[in-house]
Amino acid sequence: MPGENRARRSAAGWLSGAVLGGRVAQPRAPRPVPLPAPGPAAPPDGAEPAADTAALGAAPADPQRRLPYGMAKLLVQPARDRDGNRAYLLTGAAGDGTRLPDAPAQLPPTGIALSRLRRDGGTDDAGPGFPSEFYRAVVSWSRRQRPLVGWLSDLRARHGEELHVVVWDDTDFEIPWELLTLTPPDDTCDVPEPVRHQAPGEDPPWEGDRDPGRARRWDPGEGLHRGPHRNGDRDPEQGRHGDPGPDPGRHRGPDPDPTPGQDSTGPAYGPLGALVAVARWTSTCEEAAPLLDGPARCSGGVLGYFDEEMRSDTAGFADFAHEPHEDPDAFLAALTRGARADRPLGLVYMGCHGTHGKGLEHLKAGVLTWYELDEHRMHALSARATAVVLNVCHSGRMVRNHVGGEDALRGFTEMFLRHGATACIATHGEVGDTVARTLLTYLVDHTRRTPERPLALMLRDFRARAAAALPRPLPRTRARDHSIDYEGQRRVLSVLYQFMYVYYGHPRTTLRLAPRAPDTAA
């Protein structure tokens with residue numbers, strides 16, 4: 001029918017204008033390597049190696065033994081289920097002594113890898129399709145993670161703003177842990193209104209005269225809910241950096257820039273990456289530098305590399321000491337020669353297009369391949385006080401390098417961390433130019449206003465603003481008349497794109513950019 005054909009043609013690019021704001025070893029829990037005993041007797045429980053013990057070579061890292069209070073670690077290990085299928089095993093521990101209950105290996109949720117999202121708003125053939133369906137698929141998977149969700153929720157209730165979660169993921173399943181949705185204890189039926197963590201003396205965060213005990217079904221489209229701020233019931237800035245702010249009359253969204261150290265009430269439920277500071281890590285990264293040796297204070301100027309189409313992004317660093325490059329050879333030369341003692345390097349920033357594939361030969365940032373970058377000795381990172389931001393599509397994704405003769409995860413993040421970077425922000429998919437510029441603006445504003453606030457918290461705030469704009473209720477794929485809520489789908493898509501950004505490094509690493517030197521020209 002003519003009308004139906006027109007509808008099909010109009011739907012072909014319905015999201016083109018979206019605002020983009022080999023085998024593995026069997027799993028085993030890592031444990032300390034015991035001291036050699038003079039006989040067959042095993043060392044007693046709790047025995048610690050002596051300070052003068054000789055090195056025993058490579059051994060499984062066990063950062064769980066030295067987690068600081070307020071930090072939790074989720075270890076994700078490759079495994080096989082009973083039928084021999086590739087799977088993953090979860091173990092978790094926190095600095096307060098609590099542990100994630102043991103559970104059998106699980107099949108990977110490959111359908112919700114963010115890399116499946118396409119810029120036209122759909123997914124590849126293995127994905128769930130519409131952005132709203134993708135988000136619902138994430139929530140559905142999250143509901144099946146009851147022990148994990150319960151453990152993390154308890155930790156949030158105990159530590160609040162001080163909780164930092166390290167996701168140590170040694171799989172190549174690309175599980176979107178930042179999107180793991182913390183839900184009420186039983187949200188599959190009518191439940192009371194979720195309880196918010198409130199400061200003593202605060203009024204309940206119920207809207208109007210609504211009865212807080214009234215039962216209802218929790219809607220994943222609610223996004224983030226919070227009560228009044230401790231410093232007064234004020235609305236946060238809305239629409240900043242091009243992100244759609246909460247609609248009038250909605251629940252208030254998160255404060256984008258809470259005072260450093262402020263004990264925020266925070267929302268009770270929502271995506272993990274919008275609720276707590278999440279840092280990623282892998283065993284390959286650990287081989288280069290132990291994660292928990294301590295946070296870094298990155299400070300200094302900026303070394304940048306930009307595609308020609310992203311030349312305008314250099315203006316974002318106009319107020320700071322910045323050495324921008326469009327020539328890849330000049331950029332590589334700057335990385336190789338290192339920073340001067342009187343001009344330290346705080347940040348390496350790359351803004352360009354990227355590609356990903358099954359092998360390292362398919363990984364590119366701009367015109368530079370993974371191998372071309374890796375072959376250089378990056379003396380500019382030798383001080384181990386430099387962060388790297390890869391505003392490059394797919395830059396945070398890893399490949400298992402079996403074709404290279406090793407069972408290790410490699411990628412751009414691992415490479416820069418191995419060469420000396422102390423932190424790295426990268427993406428897990430194809431991010432559009434608008435969202436890339438939004439991240440750049442947010443990063444620069446963060447370093448200007450609150451440089452003492454950790455980068456992991458900055459990225460949490462960035463995601464929280466995105467999640468606050470999630471449509472409520474979440475749009476369906478079709479209305480009764482079979483029409484599509486294009487604007488609602490675009491808004492869900494924008495949220496998903498902003499959750500593609502991930503952080504690798506110590507959860508408390510900070511970044512302070514050096515100001516631009518005064519112009520001494522006559």
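**View 1. A small open sheet built from strands 10, 11 and 12.** Three strands make up this open sheet, in the order 10-11-12, and their pairing is antiparallel. Strand 10 (354–355) and strand 12 (368–369) stand at the edges with a single partner strand each, so one side of each has no neighbour in the sheet. Like everything in these views, the sheet comes from a predicted model. Look for strand 11 (residues 364–365), which pairs with strand 10 in the antiparallel sense over two bridges. One place to see the pairing is Gly354, whose bridge partner in strand 11 is Ala365. As a general reminder, strands of a sheet pair through backbone hydrogen bonds, either parallel or antiparallel.

**View 2. Strand 1 and its two partners, strand 2 and strand 3.** Start with strand 1 (residues 71–80): nine of its 10 residues are buried, so the strand is largely enclosed by the rest of the structure. Strand 3 (residues 164–169) runs parallel to strand 1, and six bridges join the two. Met71 has His164 as its bridge partner in strand 3. Strand 2 (residues 86–94) runs antiparallel to strand 1, with nine bridges between them. Here you can pick out Lys73, whose bridge partner in strand 2 is Ala93. Strand 1 and strand 2 also form a hairpin, with five residues between them. In the turn of that hairpin sits Gly84, with a positive phi of about 85°.

**View 3. Strand 7 and the strands that pair with it: 18, 9 and 8.** Is strand 7 (residues 297–306) largely enclosed or left open by the rest of the structure? Eight of its 10 residues are buried, so strand 7 is largely enclosed. Strand 18 (residues 510–513) pairs with strand 7 in the parallel sense over four bridges, and in this pairing Cys298 stands opposite Leu511. Strand 9 (residues 345–352) also pairs with strand 7 in the parallel sense, over six bridges. Gly301 stands opposite Leu345 in strand 9. Strand 8 (residues 322–325) is another parallel partner of strand 7, joined to it by four bridges. To find that pairing, follow Tyr305 to His325, its bridge partner in strand 8.

**View 4. The largest cavity and its lining.** This cavity has a volume of about 110 Å³. In general, rolling a probe the size of a water molecule over the atoms shows where empty space is left. Which residues line the largest cavity? They are Asp169, Thr171, Glu174, Arg280, Thr282, Gly396, Arg397, Met398, Leu409, His428 and Tyr504. By type, the lining divides into three nonpolar, four polar and four charged residues. Two of the lining residues, Glu174 and Arg397, return in the next view.

**View 5. Arg397 and its side-chain contacts with Glu174 and His394.** Arg397 is found in the loop between strand 13 (387–392) and strand 14 (399–400). With a relative accessible area of 14%, under the 20% cut-off, Arg397 counts as buried. The side chains of Arg397 and Glu174 are joined by a polar contact of 2.6 Å. A second polar contact, of 3.1 Å, links the side chain of Arg397 to that of His394. Leaving aside residues up to four places away in sequence, Arg397 touches Ser115, Glu174, His356, Arg410, Gly411, Thr427 and His428.

Now turn to the two polar partners. Glu174 lies in the loop between strand 3 and strand 4 and is buried, with a relative accessible area of 17%. Its phi is near 55°, a positive value in a residue other than glycine. His394 is in the loop between strand 13 and strand 14. His394 is buried too, with a relative accessible area of 13%, and its phi is near 70°, a positive value in a residue other than glycine.

**View 6. Thr181 in strand 4.** Strand 4 (residues 181–182) includes Thr181, which is buried, with a relative accessible area of 1%. What separates the C-alpha atoms of Thr181 and Val138 in space? The separation is 7.5 Å, although the two residues are 43 residues apart along the chain.

**View 7. A cis peptide bond between Arg472 and Pro473.** At this bond, omega is about 0°. Pro473 lies in the loop between helix 10 (455–468) and helix 11 (486–498).

Technical notes: Residues numbered from 1 in each chain as written. Predicted model: local features only at pLDDT ≥ 70, side-chain atom pairs only at ≥ 80, totals over all residues. Heavy atoms only, no water. Buried < 20%, exposed > 50% of the residue type's maximum accessible area, 1.4 Å probe, protein only. 1 Å grid on protein atoms, 1.4 Å probe; cavity = no way out; pocket = protein on both sides within 12 Å on 5 of 7 lines; lining within 4 Å. Points joined across faces, edges and corners; volume = space filled by probe spheres on them. Nonpolar A, V, L, I, M, F, W, Y, C, P; charged D, E, K, R; others polar. Pairing = 2+ DSSP bridges. Polar contact = N/O pair within 3.5 Å; in protein donor to acceptor, adjacent residues only side chain to side chain. Contact = heavy atoms within 4.5 Å.
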